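Student: Please take me through this model step by step. I would like to reason my way to each answer.

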Amino acid sequence: MRKIAVVGAGYVGLVTGACFAQKDNFIIIVERDQNKIENLLQGKIPFYEPGLDLLVSKAIDHKKIIFVDNLKQALNQKPEIIFSCVGTPSLSNGAADLSAVWGVVKEIGQNLTDYCLIVNKSTVPVGTAAKVKEIIKQELIKRNLDINFDVASNPEFLKEGDALDDFLQPDRVVVGVETEKAEQILFDLYKPFLNSSEQFLSMNWPSAELTKYASNSMLATRISFMNQLALLADKLGADINQVKLGMSKDRRIGSCFLNAGIGYGGSCFPKDVQALVYTGCEYDQEMSLIKEVENINNKQRLLFADQILNYFGDNILNKNIAIWGLAFKPETDDIRCAPSIDIINKLLEKKVKITAYDPVAWQNIKNIFGDKIGYANTSKEILSKSDFLIILTEWKEFLEYKPQDFACLKDKIVFDGRNCFNPLDMQDAGIKYFSIGRNSLNNFNQKICLENFCDQKENSF
Ligand SMILES: NC(=O)c1ccc[n+]([C@@H]2O[C@H](COP(=O)([O-])OP(=O)(O)OC[C@H]3O[C@@H](n4cnc5c(N)ncnc54)[C@H](O)[C@@H]3O)[C@@H](O)[C@H]2O)c1
């Protein structure tokens, strides 16, 4: 049984610890937040991730995971590997804030007593592994010690909402290493997770570090590409979903991350796209494509809010608005950089009345908006009390609704930022349905064209 320390009981640290524990390793999770540890020992996970609570509780019961609140205690257990999984949020200039990473590394250097492989799992800019090695070396020199250690980069590709499957059955494991020893330790550790050794991709530090930013930026690019194309589709009478189908049957393109909508959010894409742009600036290589990906994404959510406001004009003040979905995507309660925040803020500028529903993220939104908006217990209850509905997250329970279920909305209008329903079915049910890149499919766009013509009101539906 390998002894592994995992620093940070956040999304990545907890999933990493629980999944390694499941493969018969002994895990010491280091978390500086004592409250988090106490909750975890009572089976309470600090965020919503399907299946993680069970996996963590099982590992605690089987004594495969223990929690400590500092690295010194973890190093006393002489782990063979330390995974650093601390947060790397954006600074105001777009660069990654590495203060938590440096804090961990310094503590390791101050307390290391035996060989250890120090693995960085956080998303960090190119050059971080080299600095990590240097900082630990300097700390050891201060202590007059010459202890052998290795540093590796092992970016994490899990998706919130699917984190366990992604970790337990990864498409690939990327490691950046400097020595054969480090590569072998990581290969042996990940072997039980892989179907074939070809999924284990070993490379140098900068390549591994850049792979993570490149992957997230590519996925974000696909989303922004489809969102910009959706705006054009509306003007051309095309259906973006049909266009997607036509594109995705080409195996070179595939179908993933090609849904038009109100754009990406969450704790990774926005900050990683920004960090790649920043890295480009640092190295005098303008990342113009990625910069535009971010611009398109930032605009997309505001455009959607504008379209709603423009449709109603001053009448919006008399409306009771229902919102379905607050999380940045389904199966998570994460609202970091969620389109819902910007859209609600924009609507609130007009002092509108909003009642929102989300199966798990409502409490996090309540922490931001308090009683400026109302919160419903079920998706159904707000429909009959509202004039119209706005859909911001495509939770599975929403997809189970039938078009006629929306007939109880007073105005019979649905603004769907996630393309959950078929426009023609909605039209047949007498619902005015506005979605992304499919608005020419119903005849309401004609009405809007007329409105535009009659009174100069800006309206892009
Ligand atoms: N969330 C994701 O879906 C995801 C996916 C892939 C990669 N990543 C990357 O992984 C990293 C971690 O992300 P996260 O979402 O798990 O972060 P998080 O903020 O949820 O968790 C980080 C945890 O580390 C703890 N911590 C910070 N410094 C510490 C220290 N010195 N000692 C002990 N504990 C300490 C914090 O208290 C916190 O609990 C980030 O770089 C992120 O970009 C995240």
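**Sheets, crossovers and loops**

Student: In which sense do strand 9 (residues 320-324) and strand 10 (residues 353-357) pair?

Tutor: This is a predicted model, in which local features need pLDDT of at least 70 and side-chain atom pairs count only at pLDDT 80 or more, while totals for chains, interfaces and linings use all residues. Residues are numbered from 1 along each chain as its sequence is written. Helices (H or I, at least four residues) and strands (E, at least two) are DSSP runs numbered from the N terminus, and two strands pair if DSSP finds at least two bridges between them. Strand 9 and strand 10 share five bridges, and their sense is parallel.

Student: Which residue of strand 10 stands opposite asparagine 320?

Tutor: Strands 9 and 10 are joined by five bridges. Across from asparagine 320, strand 10 places lysine 353.

Student: Which strands stand at the edges of the open sheet in the order 11-10-9-12-13-14?

Tutor: That open sheet has six strands with parallel pairing. An edge strand has a single partner, so one of its sides is left without a neighbour in the sheet. The strands placed this way are strand 11 (374-375) and strand 14 (432-434).

Student: Now for another region. Why is strand 5 (residues 116-120) largely enclosed by the rest of the structure?

Tutor: A residue is buried if 20 or more other C-beta atoms lie within 10 Å of its own, exposed if 12 or fewer, and partly exposed in between, with C-beta atoms placed from the backbone. In a regular strand the side chains alternate between the two faces of the sheet. Here Leu117 and Val119 point one way and Cys116, Ile118 and Asn120 the other way, all of them buried. Strand 5 is largely enclosed because the number of its five residues that are buried is five.

Student: Which residues stand opposite valine 119 in strand 4 (residues 81-84) and strand 6 (residues 149-153)?

Tutor: Strand 5 runs parallel to strand 4, with four bridges, and parallel to strand 6, with five bridges. Valine 119 faces phenylalanine 83, and in strand 6 its bridge partner is alanine 152.

Student: What is the hand of the β-α-β crossover from strand 5 to strand 6?

Tutor: A crossover is right-handed if, with the strands pointing away from the viewer, the path from the first strand over the helix to the second runs clockwise. From strand 5 the chain passes through helix 6 (residues 128-142) to reach strand 6, and this crossover is right-handed.

Student: Through which helix does the chain cross from strand 7 (residues 173-176) to strand 8?

Tutor: Four bridges hold these parallel strands together, with valine 173 opposite phenylalanine 200. In strand 7, Val173 and Val175 point one way and Val174 and Gly176 the other, and all are buried. The crossover is right-handed and goes through helix 8 (residues 180-190).

Student: Is asparagine 144 buried or exposed?

Tutor: Most residues other than glycine have a negative phi, and most peptide bonds are trans. Asparagine 144 is not a glycine, yet its phi is positive at about 55°. This asparagine sits in the loop between helix 6 and strand 6. It has 6 C-beta neighbours inside 10 Å, so asparagine 144 counts as exposed.

Student: How many other C-beta atoms lie within 10 Å of phenylalanine 257?

Tutor: Phenylalanine 257 also lies in a loop, between helix 10 (240-248) and helix 11 (269-282). Its phi is positive, about 55°. Phenylalanine 257 is partly exposed, because the number of those atoms is 14.

Student: Which residues come nearest to the ligand?

Tutor: A residue counts as near the ligand if its C-beta atom, placed from the backbone, lies within 6 Å of it. Among the 26 residues around the ligand, the nearest are Gly8, Gly10, Tyr11, Gly87 and Ser122.

Student: Which elements give two or more residues to the shell around the ligand?

Tutor: The shell's residues are spread over 26 positions in the chain. The elements in question are helix 1 (11-22) and helix 5 (99-111).

Student: What is the radius of gyration of the protein chain?

Tutor: The chain has 18 helices and 14 strands. The radius of gyration is taken over C-alpha atoms, and the globule rule is 2.2 Å times the number of residues to the power 0.38. For 461 residues the rule gives 23 Å, and the chain's value is close to that, so the chain is as compact as a globular protein of that length. The radius of gyration is 25 Å.
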